[in-house]
Amino acid sequence: MGIQTTNISVLFDRIKELRRRKAIMKTRKTLHKDYVKTMTKSLSIAFALISMISCKHHNEEYHKVTDKIKAESKHYKGTSISSDQYLAEMNLIEITEGTHTFMIPDRKSQITSYACTECHTDELEKIKGKDAKKGHWNISLKHANSDIMNCATCHDTKNMDALKTLTGNSVDFNLSYKVCSQCHSKQFEDWKGGAHGKKIESWAPPRASMTCTNCHNPHSPSFEPRWPAKYNTQKKQERK
Ligand code: HEC
Ligand code: HEC
Ligand code: HEC
Ligand code: HEC
């Protein structure tokens, strides 16, 4: 019996403890509810105030996003770096094509057999007949096919120091891109915009770009296909 009474008193104690805890929880809950209420109230007031202030600011200064962009880009200084120091030593010429103005390298100083008129003092027919020596044995034309292209398509046979257009207008050797662009207008458009070809030295202004003949040999303009390195090593091993 002694054991049972102790058990009952323990049980009563437990129930009491549980009730106490429940009461505590209840007060905590109400406290929390009040806290949340006041916080939301003050936060919404703060938000309202902030948005009122910022709305006012926007309305006063800029009516539209475009106005804002316009106003804030006034302070834009552009890039402060320049390619000038790298380009200073180069022999460049400035060209303007449509809305694009940029520089390309001088070519005449690079052409071995320039000036052509040192030998081409006479008309082609005459020097051809005089001595049967082949003047340009190292040049063979691999550009389009011979029905549409021969030396006189691009070279001005009446003034060998210049190139010419298909309609017979003279073109300086430095501006040979004008000859290429007659037939390759797509690449020419891309080149003007800077998408075909390559910039010289750096992207920083002023712009200097390679010209067509820096990369393409006008007499044989396409590039040899290149095999991946793996293919070459494989082939080499197979041959052994
Ligand atoms: C060292 C002398 C010499 C120089 C410099 C020279 N040529 Fe010639 N060229 C010749 C001779 C000789 C012929 C004629 C023989 C022949 O048909 O190859 C000729 C022929 C040509 C022909 C006609 C080829 C054909 O098959 O119909 C062209 C085009 C030509 N030259 C362009 C040029 C141009 C462009 C230059 C300058 C960039 C130049 N030459 C510089 C000597 C020269
Ligand atoms: C598609 C146009 C085109 C055709 C066709 C053409 N040329 Fe040229 N040729 C050029 C251009 C452009 C240059 C200048 C290249 C450069 O800027 O280096 C040139 C350069 C030359 C040069 C000077 C090369 C040097 O390094 O000394 C000679 C010589 C020449 N051509 C001869 C010929 C002969 C001969 C033919 C015919 C077999 C011929 N060309 C056909 C466009 C052409
Ligand atoms: C009279 C027209 C004409 C002129 C001028 C001309 N080309 Fe071409 N070009 C052609 C034709 C046609 C082809 C052959 C296209 C093909 O095979 O799909 C060709 C082929 C090429 C190719 C090779 C394309 C490929 O798919 O491999 C290159 C690169 C090229 N030309 C560059 C030039 C350059 C640089 C110049 C100026 C020096 C020039 N061309 C001037 C007509 C021309
Ligand atoms: C910095 C070097 C570079 C310059 C400058 C350049 N090209 Fe090219 N071009 C290339 C390369 C690389 C290819 C790709 C060749 C390939 O895929 O086999 C190419 C391809 C081409 C082709 C073949 C068709 C294509 O689009 O793949 C044509 C035509 C051509 N170029 C014409 C021109 C003309 C015209 C100019 C000048 C207005 C020019 N290129 C300037 C490097 C150059």
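Leaving aside neighbours within four places in sequence, which residues is Cys212 in contact with? Ser176, Tyr177 and Cys180 are the ones, where contact means C-beta atoms, placed from the backbone, within 7 Å.

## Ground rules

Keep in mind that this is a predicted model: local features need pLDDT of at least 70, side-chain atom pairs count only at pLDDT 80 or more, and totals for chains, interfaces and linings use all residues. Residues are numbered from 1 along each chain as its sequence is written, while chains are lettered from A and ligands numbered from 1 in the order in which they are written.

## Overall layout

The protein chain has nine helices and four strands, which are DSSP runs numbered from the N terminus (helices: H or I, at least four residues; strands: E, at least two). Going along the sequence, you get the pattern α-α-α-β-β-α-α-β-β-α-α-α-α. The radius of gyration of the protein chain is 42 Å, well over the 18 Å from the globule rule for 240 residues, so the chain is more spread out than a compact globule. That radius is taken over C-alpha atoms, and the rule is 2.2 Å times the number of residues to the power 0.38.

Along the principal axes, the C-alpha atoms fill a box of roughly 145 × 70 × 35 Å. Just 7% of the 240 residues count as buried; that takes 20 or more other C-beta atoms within 10 Å of a residue's own, with 12 or fewer making it exposed and anything in between partly exposed. Of the contacts with a separation of 6 or more, 50% come from residues 24 or more positions apart.

## The hairpin

Strands β1 (residues 92–97) and β2 (residues 100–105) run antiparallel and are joined by six bridges; for strands to pair, DSSP has to find at least two bridges between them. One of these bridges links Leu92 to Pro105 in β2. The two strands form a hairpin with two residues between them, and Gly98 in the turn has a positive phi of about 65 degrees.

## Core and Gly197

Cys212 turns up again in the largest nonpolar core, alongside Cys154, Leu163, Phe173, Tyr177, Val179 and Cys180. Such a core is a set of buried Ala, Val, Leu, Ile, Met, Phe, Trp, Tyr and Cys residues joined through C-beta atoms within 7 Å. Helix α6 supplies the largest share of this one, three residues.

Gly197 sits in the loop between α7 and α8. Gly197 counts as buried because it has 20 C-beta neighbours inside 10 Å. Setting aside neighbours within four places in sequence, Gly197 is in contact with Trp191, Ser209, Met210 and Cys215.

## Around the ligands

A residue belongs to a ligand's surroundings here if its C-beta atom, placed from the backbone, lies within 6 Å of the molecule. For ligand 4 that gives 16 residues, the closest being Cys180, Gly197, Lys198, Cys212 and Cys215. Elements giving two or more residues to this shell are α6 (177–180), α7 (185–193) and α8 (212–215). The split is eight nonpolar, seven polar and one charged (nonpolar: Ala, Val, Leu, Ile, Met, Phe, Trp, Tyr, Cys and Pro; charged: Asp, Glu, Lys and Arg; polar: the others, Gly among them).

Ligand 2 has 21 residues around it, with Ser113, Cys151, Cys154, Thr213 and Pro218 the closest. Helix α5 (residues 151–154) gives the most to that shell, three residues. For ligand 1 the count is 17, and the closest are Ser113, Cys116, Cys119, Gly135 and Cys151. The shell around ligand 1 divides into eight nonpolar, five polar and four charged residues.

Technical notes
Contact = placed C-beta atoms within 7 Å.
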